[in-house]
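Trainee: Got a minute to go through this one with me? I'd like to start with how a couple of helices pack.
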4 protein chains.
Amino acid sequence: MNKRKICAVVTARPSYSRIKTALKAIQEHPNLELQLVVAGSALLGRYGNAVNVIEKDGFKIDEKVFMVLEGENPTAMAKTTGLGVMELSNVFYNLKPDAVITIADRFETIATSIAAAYQNIPLVHIQGGEVTGNIDEKVRHANTKLADLHLVASEDAKDRVVKLGEDPAYVINTGCPSIDIAKEVLENNNYEFDPIKKYGGVGADLDISNGYLVVMQHPETNRYKSAREDVLCTLEAVHELNIPTFWFWPNVDAGSDGTSNGIRYYRENFNPENIRFFKNMEPNDFLHLLKNCDCLVGNSSVGIRECSFIGVPTVNIGTRQNRRQRGKNVVDAEYNKEAIKTAIQERIGQKGMLSEHIYGNGNSGKQIADALANTELIAHKMIMY
Amino acid sequence: MNKRKICAVVTARPSYSRIKTALKAIQEHPNLELQLVVAGSALLGRYGNAVNVIEKDGFKIDEKVFMVLEGENPTAMAKTTGLGVMELSNVFYNLKPDAVITIADRFETIATSIAAAYQNIPLVHIQGGEVTGNIDEKVRHANTKLADLHLVASEDAKDRVVKLGEDPAYVINTGCPSIDIAKEVLENNNYEFDPIKKYGGVGADLDISNGYLVVMQHPETNRYKSAREDVLCTLEAVHELNIPTFWFWPNVDAGSDGTSNGIRYYRENFNPENIRFFKNMEPNDFLHLLKNCDCLVGNSSVGIRECSFIGVPTVNIGTRQNRRQRGKNVVDAEYNKEAIKTAIQERIGQKGMLSEHIYGNGNSGKQIADALANTELIAHKMIMY
Amino acid sequence: MNKRKICAVVTARPSYSRIKTALKAIQEHPNLELQLVVAGSALLGRYGNAVNVIEKDGFKIDEKVFMVLEGENPTAMAKTTGLGVMELSNVFYNLKPDAVITIADRFETIATSIAAAYQNIPLVHIQGGEVTGNIDEKVRHANTKLADLHLVASEDAKDRVVKLGEDPAYVINTGCPSIDIAKEVLENNNYEFDPIKKYGGVGADLDISNGYLVVMQHPETNRYKSAREDVLCTLEAVHELNIPTFWFWPNVDAGSDGTSNGIRYYRENFNPENIRFFKNMEPNDFLHLLKNCDCLVGNSSVGIRECSFIGVPTVNIGTRQNRRQRGKNVVDAEYNKEAIKTAIQERIGQKGMLSEHIYGNGNSGKQIADALANTELIAHKMIMY
Amino acid sequence: MNKRKICAVVTARPSYSRIKTALKAIQEHPNLELQLVVAGSALLGRYGNAVNVIEKDGFKIDEKVFMVLEGENPTAMAKTTGLGVMELSNVFYNLKPDAVITIADRFETIATSIAAAYQNIPLVHIQGGEVTGNIDEKVRHANTKLADLHLVASEDAKDRVVKLGEDPAYVINTGCPSIDIAKEVLENNNYEFDPIKKYGGVGADLDISNGYLVVMQHPETNRYKSAREDVLCTLEAVHELNIPTFWFWPNVDAGSDGTSNGIRYYRENFNPENIRFFKNMEPNDFLHLLKNCDCLVGNSSVGIRECSFIGVPTVNIGTRQNRRQRGKNVVDAEYNKEAIKTAIQERIGQKGMLSEHIYGNGNSGKQIADALANTELIAHKMIMY
């Protein structure tokens, strides 16, 4: 029997964490063959060189696709996507996969969807059916309408994809692979690593013996002009709290330069004595860091998903995660220094709170591989109503 | 008060008929300013040079966008779309419209949608909410999910767009502008034109004093390899019936070369004595031709929409129009010579059947312009459930 | 010892004849490995599907690159070239050749040159140093300035490339591979084929027992608006002479639609009873056809090169071959019906004229392979003066 | 009389200085109309936002073209160029200029040349005929072979362009517009500005009362892997000399990230107490800074041109300017810390050396405008031998 060739396209650092255990499970599945394409900001040093992590994790990369257009504005985002369609069309034409996986809702993921759908290749969408603000909201649901098989991360998401007119037979709740990694981390009490020694970073020396914060703040697409200002709010709040803090640079996006500029400006002018800045960590290390932290701050979806499973207190700023189903670990705050400070202070000390299994039970990668092996692969569909 | 700048992108000959009276109404509206972009196959001689018709109708074209990649395959369709995203991103960046109109569901219309949505320009989708087979089905609903304002053509379509999670306040049934033109034609009994004298065409001399057929058959995207065979079925059926026939070339699409090759082959080898072939007619002339014909044959949506309003018997072949709401004027047939012959024969003589107002009452252009002038233009939204 | 990987990019039907024996010799050379890329109009049915011939000749194609933009104008030529740079950059990035071959001077060949040169891959230019009119003139010499190794087809060309400031150590006169094929054909008197039976074609039945003409006329880039008119001149001349004629469709170019339209118009309206039209023949068959013809008419470089070697009388029309070194087999004519008629009539009967070895002695493919195996491959150079 | 529309494409910060006074002179010429396109890295904050300077200088920008692809490698350079061809083809199609200006030899300038030449628009090349190392060498001479009118900067360059087969009637030595600016600066003794106050920069506080150095070092294209190492040599040399130094970031290029990384690494780890780093200065300010400096160090062409006119001692490192005609103000050094140190020390104190007029007499902008107004504009040419 011929193995099904499953082509996954990873376009950014955070997407990799969302798919890693599924890639592994596909690779190991007797009836599947993995084709891996790494593209976009996942290839760029400015955004943490996810490609290096992927290779270190033992994956063979079939194609690398450079497609990010510089320009610090929405026009560049649009053109990057157009370029992605052209490049990925070539890639799929040459790789001839039996199915293509597009991940979640980053702006460039629709390039994967179009390149596959227009070439009549069955399209699998991971993590559709969620709700957020921003252009991501439009992209995610458009991906759903272009996709043939939907592997969603929660019951809530499953209901929504079915409401969108998809055939329930092709909507499967596999949970989110990022929870698989979280589970491993939660269960592993022997892992030791010194984040500063291993990753360097720049900025203050941190004494984390009495606890610490982790911050990860991305620009919001529809506020990209205020990205600099938005990040300065959080910088000031965290600086004033004077709790040791690991701060991560944002991923590429129109406006990430606003966020980056804000961080660089603040560092050079205020040299905050409690913050150290990092470009990237391997997902595993990052989760160990989270697991032991007092509070995650920012607008990363990690706070909603992994932290819900592990039980890490999270202060979620702004509207980026607005309508993602969230657990009791999350509290929201506006872009306001005092609001952020207050929210963080209230969370400190709640590290023992119960985790919840909203986004999967830690076995999602395998469930995805099984769904890919066992579900009929089709390339045409019709709305159910 | 500043006029709202409304940018419409016309990418193909049939799309122009779907929007023409709306363009006129926008142009004449005191609070709107029309920006017109002509792109894709609408610029190409091989596909009837719609651009010439548009200019003859008195429209000023703001930008022409060449984006069709040759290649006779789905990869070329995908790349054409990617190129369209890149080119149209530039166009909107320079024209700075207050809203962009994308029309219906041709594969390249998603390029308009992405270029607008990613640049935070409110996107208006005309004729969403319908159901067909093919890649169009995916593209149409993806356009809906990228769009902010939906101007649909029937109540059926309106219900479906609302079910897709769009805010009912931004879903307006304006009917289809193609019906406006049909209405004019239906009411005008003084127009005389000799289609062969005016348009030439090639093939048989036709004596149409005892009635005639009109045929328009496009390739189906997911059957593009059988496009040649499919069109040969219809050619044989129509040839054998020996009724005078006006036959129109297909519009550009992966596979249109299959259809075109089939037609060319049949002509050169069988020289059918009852068929004359045409590249294009002005929409107005085409409708006069339809109005007086005994039966429309093929898979054009004209049979479903305009012919329903005018009351023209229609034999609809294959699955291309599969789930479009249809009136009593339509009967379906498979790709089978005998089935097609029988269906046509049964229709002949029913020319007097009553028309229906499923897709508007003939005032759609003005309704669209009013909706564009009076509805709040937004660029961000969230699914309603 | 590692074989040198030599990547050749074939972008059009005529280019293939210019390189075929070299491809074979590279393939068979113990120290070379052939990487073959087929791109542009060589992939398109409208232009004779050269790709099928290439595969039938037993070559394995490493990549196919669709890059031709429709548009019937110089803007499309420019964009096709830009797209070619992007696509071929990917191809070379993945194939990692030790050298890239760009052939002659078609507009899109500079895409190959840029994609290789910018990636520091040694660039080999075949058939530089010649002189013609049109955009080809600019493209050819620009290719020379981007290339590192020059394999030219005549002494005249060699002198010119050296004058252009190239290092004589890297300018080698290998002759033209098209002459190798001509030689085989000239020496093979047992080959029999019936062109009409084998290739079909459309138009008149030809009785060629008393001789025949071959016509091949391309649009001139800087006269692309008059391409239709230009070809009509020749059609009328040849029609009036009433000698049986094999007429070949032009290759893709801005304006080829003008030429194609002219041919189609003339056929449909005048149905010339002495002309039969063909899309393409395998190079070998085409040369046998030439070898026995009374006169080649048009503006193909075949008249200058192969026909000089074989000794076929040639009427060369217009300025397209203006300054190519030519043998005594060639006479020039303007775009004027009477001039063309007179020139053809004067040539008829001179079939026995002596051939000349201006463009090689029939061993060029092997000489090219040897040069590629034995010359130092560099990627950087400096002008010699 | 219609004014000639002259379209200039500025793709990078340094190119702007090379054309600024010509742009002004074109704008003011009674028979010319300026069309200004700003593209590539000239639009990007990372490379100094030249676009802001251009607008502040009072120029109206007709089109902005985002075309820089991220990727830190030669593949990205090639793709940026391909994208540039596509985008600029559109721009010229819409602006319909009577002539297009391409400037010098940066890799992306060939995109301007192709987009113009292929559309039969007369192409004017500024500063052809020079000799350097790198990919620039190939690009410059290819630009010459694509161009119709050559406005060169020195007699040496003029001779070389004529040797390249260009018609001497279309090769005019206008000198270099950058010298015009240098002349103004040299003659203006009243200008006062405090570079640190005006531009900020980061790094050491500088006391420049006893003299200072200026450093500007770009990666060499064919050494892009050693860019980091190369810049570290110079950093160490300058650090050890302990002379106050203004250091400028490199412009965009494959490898500029190597150079940038090197600079960033050195700063963060050695915090050199005599160096301050700047992104960009307005050309005028930069020249004032140069005029008063003791020595320019690096590989910028400013050292060869402007510094020759002004008489600034220059230490030129590596091969980037290898065969540019140079004055007595220049001494060369290899990528070697000690060699660089010695060369700088020997230059210090020679500030009074005589200037030379190799690259023009300070009136070049006007000479260029006059040439553009008075020379016949052609779009086709043939090599002269």
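Mentor: Sure, and keep in mind that this is a predicted model. Take chain D: the axes of helix H5 (residues 109-117) and helix H6 (residues 134-146) come within 10 Å and cross at roughly 15°.

Trainee: Are H5(D) and H6(D) roughly parallel or roughly antiparallel, then?
Mentor: Roughly parallel, because angles under 35 degrees count that way. The crossing of H5(D) past H6(D) is left-handed.

Trainee: Which residues meet there?
Mentor: H5(D) brings D:Thr109, D:Ile110, D:Ser113, D:Ile114 and D:Ala117. On the H6(D) side you'll find D:Val139, D:Ala142, D:Asn143 and D:Leu146. That contact has 6 nonpolar residues, 3 polar ones and no charged ones.

Trainee: Switching to chain A, what are its domains?
Mentor: Domain 1 covers 4-176 + 361-374, and domain 2 covers 184-347. Their C-alpha centres are 25 Å apart.

Trainee: How many residues are in contact between those two?
Mentor: 26 from domain 1 of chain A, with 19 from domain 2 of chain A. On the domain 1 side, helices H1 (13-17), H4 (74-95) and H6 (134-146) of chain A each give two or more residues. That side splits into 12 nonpolar, 9 polar and 5 charged residues.

Trainee: Last thing: what rotation superposes chain A on chain D?
Mentor: One of 179°, with 0.0 Å of shift along its axis and an RMSD of 0.1 Å. The two copies are thus related as by a two-fold rotation axis.

Trainee: Which C-alpha of chain A is nearest the axis?
Mentor: That of A:Leu69, 2.2 Å from it. Both copies use the same surface, as 100% of chain A's contact residues recur in chain D.

Note on methods:
Residues numbered from 1 in each chain as written. Chains lettered and ligands numbered in written order. Predicted model: local features only at pLDDT ≥ 70, side-chain atom pairs only at ≥ 80, totals over all residues. Least-squares fit on C-alpha atoms with pLDDT ≥ 70 in both. Contact = placed C-beta atoms within 7 Å. Axes fitted to C-alpha atoms, helices over the stretch in contact; angles between N-to-C directions. Helix = DSSP H or I, 4+ residues; strand = E, 2+ residues; numbered from the N terminus. Parallel < 35°, antiparallel > 145°, perpendicular 65-115°, else oblique. Left-handed = near helix turned anticlockwise from the far one by under 90°. Nonpolar A, V, L, I, M, F, W, Y, C, P; charged D, E, K, R; others polar. Domains from an automatic or database assignment.
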